[in-house]
Amino acid sequence: MMEKFNKTSLSKFSKDYSRYLKELLDNLDHNSIENIFEILDKARKRKNKIFIIGNGGSASTASHICNDFGLAALKSNNLSNPEPFRVISLTDNNSVITALGNDNGFENIFVEQLKVLFEEGDVLIAVSASGNSENLVNACEWVKRKKGISIGWLGFNGGKLKSICDNILLINTPYGEYAPVEDMHLIINHILVSWMHIKLS
């Protein structure tokens, strides 16, 4: 789709890009968004943990989600129910990630952290455009074996994670369009967090 954008000027390209994001927003699966929130809210009420993983830009999205569901909930003065979302981004400890990558292989950087922290009933959110990253696939398969719940925020055709995760939210774009998928994942995060403040206030 993006190869068809007008490239004669940045302003025209920007208009095409904005128009494309609007199309993706119009095609969002809002029922899936609601289902995901219910899973996360049940985890909150049960005091289960919510782990978030991703690579590259999706790693920064994982950090952003963790901030919004964790710190933002605690800082709100309008929440009548103070029970927090116990959210942990497994992308944020560079020392741990590089040690595990060096000693156990990059494909195991998330599984090895989950082995220490995960408990039955916890939730794992895997944020990925391709859905094929080996470290994410390994983590979701491990969580399934341990009776946890896996959620995929995916792009393109969903990749391997589409069939592995218990719940998915797919931004269906041509392969390689990372930027629009990552934009949409952040928007979805903000939809969920905004609803959190409405529902819990």
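These legends go with a set of close-up views of the predicted model. Residues are numbered from 1 along each chain as its sequence is written, and side-chain values rest on heavy atoms, with hydrogens and water left out. As the model is a prediction, local features need pLDDT of at least 70 and side-chain atom pairs count only at pLDDT 80 or more, while totals for chains, interfaces and linings use all residues.

**View 1. Helix α2 against helix α8.** Here we look at α2 (residues 30–46) and α8 (residues 178–200), whose axes sit 11 Å apart at an angle of about 55 degrees. Helices (H or I, at least four residues) and strands (E, at least two) are DSSP runs, numbered from the N terminus. Axes are lines fitted to C-alpha atoms, for helices over the stretch in contact, and angles run from 0 to 180 degrees between N-to-C directions. The pair is therefore oblique; the bins are under 35 degrees for roughly parallel, over 145 for roughly antiparallel, 65 to 115 for roughly perpendicular, and oblique for the rest. The crossing of α2 with α8 is right-handed, meaning that the near helix is turned clockwise from the far one by less than a right angle (anticlockwise would be left-handed). On the α2 side, look for I33, I36, F37, E38, D41 and R44; on the α8 side, for I188, I191, L192, W195, M196, K199 and L200. Contact means heavy atoms within 4.5 Å. Sorted by class, this α2 and α8 contact has nine nonpolar, no polar and four charged residues. For these classes, Ala, Val, Leu, Ile, Met, Phe, Trp, Tyr, Cys and Pro are nonpolar, Asp, Glu, Lys and Arg are charged, and the others, Gly among them, are polar.

**View 2. Helix α5 and what covers it.** In α5 (residues 109–117), the residues I109, F110, V111, Q113 and L114 are buried. Buried means under 20% relative accessible area, exposed over 50%, and partly exposed in between (1.4 Å probe, protein chains only). The cover over these buried residues includes β1 (49–54), α4 (94–104), β3 (123–127) and α6.

**View 3. Helix α5 with its partner α6.** The axes of α5 and α6 (residues 134–145) come within 7 Å and cross at roughly 30 degrees, which makes α5 roughly parallel to α6. From α5, the contact takes in I109, F110, V111, L114 and K115; from α6, N135, L136, N138, A139, W142 and V143. That set of α5 and α6 residues splits into eight nonpolar, two polar and one charged.

**View 4. Helix α5 with its partner α4.** Now for α4, whose axis comes within 9 Å of the α5 axis and crosses it at roughly 110 degrees. That makes α4 roughly perpendicular to α5, and the crossing is right-handed. The α4 residues in the contact are V96, I97, L100, G101 and N104, and the α5 residues are I109, E112 and Q113. By class, the α4 and α5 contact has four nonpolar, three polar and one charged residues.

**View 5. Cysteines without a disulfide.** The structure holds zero disulfides, a disulfide being a pair of cysteine sulfur atoms within 2.5 Å. C66 has its nearest cysteine sulfur, that of C140, 17 Å away. C140 has a closer candidate: its sulfur is 3.9 Å from that of C165, the closest cysteine sulfur, but this is too far for a bond. Both C66, at 16% relative accessibility, and C140, at 0%, count as buried.

**View 6. Two partly exposed helix residues, E182 and S63.** E182 lies in α8 and, at 23% relative accessibility, counts as partly exposed. Setting aside neighbours within four places in sequence, E182 is in contact with G57 and S58. S63 belongs to α3 (residues 57–75) and is also partly exposed, at 25% relative accessibility. With neighbours within four places left out again, S63 is in contact with S89, T91 and D92.

**View 7. Two lysines with positive phi.** Most residues other than glycine have a negative phi. K47, in the loop between α2 and β1, has a phi near 65 degrees, a positive value. K47 is exposed, at 52% relative accessibility. K147 has a positive phi near 65 degrees too, and lies in the loop between α6 and β4 (149–155). K147 is exposed, with a relative accessible area of 59%.
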